[in-house]
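Reader: Could you take me on a close look at one part of this model, the strands and how they pair, along with the helices that pack around them? I would be glad of one connected account.

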Amino acid sequence: MKELEYPFDSDYLLSKKKRIKKELLASDVKFIDKKVAILGGSTTANIMLMMELFLLNNGIRPTFYESEYNKYYEDAVFPNPELEEFAPDIIYVCTSNRNISDYPDLSMSREAVDELLNSQYTKYETIWKTLAEKYNCPIIQNNFEMPLFRLMGNRDAYDYHGHMNFISRLNQRLYDYAEATENFYICDLNYISADYGLKEWSDPFYWYMYKYAMCVPAIPSLAFNVANIIKSIFGKNKKGFVLDLDNTLWGGIIGDDGVDGIVIGPEEAEGQAYSEFQQYLKAHQQLGIILNIDSKNDYENAIAGINHPDSAFKEDDFISIKANWDPKDKNFADIANELTLLPESLVFVDDNPAERHIVTEQLKGVCAPELDNVVHYIQTIDRSGFFETTSISADDLKRNEMYQENAARAKLQSSFTDYGEYLDSLEMTAEIDAFSPVYMARIAQLTNKSNQFNLTTKRYTQAEIEATAADDNYVTLYGKLIDKFGDNGVVSITIGHVDGEACDIDLWLMSCRVLKRDMEYAMMDELVARLKARGVKTLRGHYLPTAKNKMVKNFYGDMGFTLVEEKEDGASDWTLDLQGYVDQNTHIKR
């Protein structure tokens, strides 16, 4: 919903929240349901309501537990039957500098200040460790915003007695804990408040009147950022850009002005802005964000602009380049199809509002941020939170390389008339084994991203994946696929729940980038072998239909299972006698 994309109108969201919620729930989105506990050090009612809107807009339907006012410590540390029964999927500790109970005074020694700092920090560490042990779910913790006043003026920042210095040091302790701890995330309240305007954010009127730790108009900004962390944890991030060229990556129309006439580079202010924007986009490749071009241009002109001496880009920075005179929504859909991604996984960046409107109307779910002047392009995209990073796996860092390799595979395939010969030519090998700690982040990421080849579309946090891997009642497998073009990374996951002589497949998914490569047969062979070794005789499969996974409706039938029941909603249950299972002929050597 456009109203919930950055930049949003906070007053409008706060006043129309019930109507917006009703519209979101009435949409045809297939939501994932998550239970969110908010443990607040101040009033959190409107924070919760705004979070609900932003989460619904990202396909997550939340149910909330909300602590009583300023009972965050008690709810976390002491026995809490209500929260235990709620069994949260994620916990948000919503505190602020109002919850720092003691600050240094000028009479204190450095040792006394250090002791005070440790005391304040230990309170929060106790909260986190208790919650992690009880609920084994992701925890989000606000850091602390800067104080409303500076007793010593500028000295407050560097004198160990200063409140600013104390908060900065306390924040660093939080960052150290976050860096060392899985499933623990910082909501950067310090940055969000500064970005909003600290003086307005910390207006004490709202604390005195309502016990809100920030001004009410700022609440959507906080809720938006928390929702971005949650949607990232549950795999709702975007995966790449689709970029226009003229007046987006450079100033001017290259077809009219020529490559020497476009505006980019250090010679003038506008050119500097375009150069910085290109560098900002290119930096996303470090996170595995893929770049593509969708431009109404002659192909030769587009390539000439991309290769301009002052351009940050080269042609091979882009996975797909569509520079022609076809409608942009068609090009966009073709790009998504080539990448085996859904269109809504990609962000459309175009200065032309008419083109943005056409693409977003024709391709539902695609985000196209509003761009006005190039000097604001970075701010608009950066604040939108499309690529909020909660984990960085090895596969993320290699994603651009993997897509380039896929393009090479597609080119090779076009030279074969026999598909079997093409598969043989790839010289594929598979690495299939039980879940390994080195791949836990990627495995959790895959469970929250893969939709088309996903039999049950169950979603797991990293903590849940780790708990499943450690439970002897489960058989877990990951699959990596390697060929002569490179390593595709972890591309397939299977989780089987063993109960006596039977096993239910709770999850089976595969990345779309390796579809039709016979990887599923290799995974099946290995799963059957491990189950037989455990004395399992019957394997049961389940298909739960979604709008996106129709391609695997008959997967179990194709694998030799017998249909047990097909329900009215299209869901189906299948069974396989392992003793009669015959290994499939595959092109994968293991």
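Author: Happy to; here is a walk through the sheets, followed by the helix pairs. Please keep in mind that the model is predicted.

Let us begin with the open sheet of 5 strands, whose order is β2-β1-β3-β4-β5 and whose pairing is parallel. Its edges are β2 and β5 (184-187), each of which pairs on one side only. From one strand to the next, the twist averages 25°. Packed on this sheet is α11, which touches β1, β2, β3 (90-94), β4 and β5, and the direction of α11 makes about 155° with that of β5.

At the β2 end, strand β1 (residues 32-40) runs parallel to strand β2 (residues 60-66), and 7 bridges join the two. If you would like a spot to look at there, find Lys35, which stands opposite Thr63 in β2. The two strands also belong to a β-α-β unit: β1, helix α3 (residues 45-57) and β2 make one that is right-handed. Moving to the β5 end, strand β4 (residues 139-142) and β5 are parallel and joined by 4 bridges. Here Gln141 is the residue to find, with Ile186 in β5 standing opposite.

The helix on this sheet, α11, has a helical partner too. Helix α8 (residues 189-196) and helix α11 (residues 219-233) have axes that come within 10 Å and cross at roughly 140°. That angle makes α8 oblique to α11. Their crossing is right-handed. On the α8 side the contact uses Leu189, Ile192 and Tyr196, and these meet Ser221, Leu222 and Asn225 in α11. Sorted by class, the residues of this contact are 4 nonpolar and 2 polar, with no charged ones.

Another helix pair is that of helix α6 (residues 110-135) and helix α7 (residues 163-180), which pack at an angle of about 40° with their axes 10 Å apart. This crossing is right-handed. From α6 the contact takes in Val113, Asp114, Leu116, Leu117, Asn118, Gln120, Tyr121, Glu125, Trp128 and Lys129, while α7 supplies Phe166, Arg169, Leu170, Arg173, Leu174 and Tyr177. By class, the contact of α6 with α7 holds 9 nonpolar, 2 polar and 5 charged residues.

Now for the open sheet of 4 strands, which has the order β8-β7-β6-β9 with parallel pairing. The edge strands here are β8 (320-324) and β9 (346-349), and each pairs on one side only. On average, with direction ignored, neighbouring strands of this sheet are turned by 20° against each other. Strand β7 (residues 290-296) runs parallel to β8, and 5 bridges join them. Within that pairing, Asp294 stands opposite Lys322 in β8. Helix α14 (residues 299-306) packs on the sheet and touches β7 and β8, with its direction making about 130° with that of β8.

Further along the chain there is one more helix pair to visit. Helix α21 (residues 440-447) and helix α22 (residues 462-470) pack with their axes 9 Å apart, at an angle of about 115°. The two helices are therefore roughly perpendicular to each other. In passing α22, α21 makes a right-handed crossing. The residues that α21 brings are Met440, Ala441, Ile443, Ala444 and Thr447, and they meet Gln462, Ile465, Glu466 and Ala469 in α22. The contact of α21 with α22 divides into 6 nonpolar residues, 2 polar ones and 1 charged one.

We finish with antiparallel pairing, centred on β16. Strand β14 (residues 538-543) pairs with strand β16 (residues 572-577) in the antiparallel sense over 6 bridges. Leu539 stands opposite Leu576 in β16. Strand β15 (residues 562-566) also pairs with β16 in the antiparallel sense, over 4 bridges. In that pairing Glu565 has Asp573 of β16 standing opposite. β15 and β16 form a hairpin with 5 residues between the strands, and in this hairpin Gly570 takes a positive phi near 95°.

Notes
Residues are numbered from 1 along each chain as its sequence is written. This is a predicted model: local features need pLDDT of at least 70, side-chain atom pairs count only at pLDDT 80 or more; totals for chains, interfaces and linings use all residues. Side-chain values use heavy atoms; hydrogens and water are left out. Axes are lines fitted to C-alpha atoms, for helices over the stretch in contact, and angles run from 0 to 180 degrees between N-to-C directions. Angles under 35 degrees count as roughly parallel, over 145 as roughly antiparallel, 65 to 115 as roughly perpendicular and the rest as oblique. A crossing is left-handed if the near helix is turned anticlockwise from the far one by less than a right angle, and right-handed if clockwise. Contact means heavy atoms within 4.5 Å. Ala, Val, Leu, Ile, Met, Phe, Trp, Tyr, Cys and Pro count as nonpolar, Asp, Glu, Lys and Arg as charged, and the others, Gly among them, as polar. Two strands pair if DSSP finds at least two bridges between them. A crossover is right-handed if, with the strands pointing away from the viewer, the path from the first strand over the helix to the second runs clockwise.
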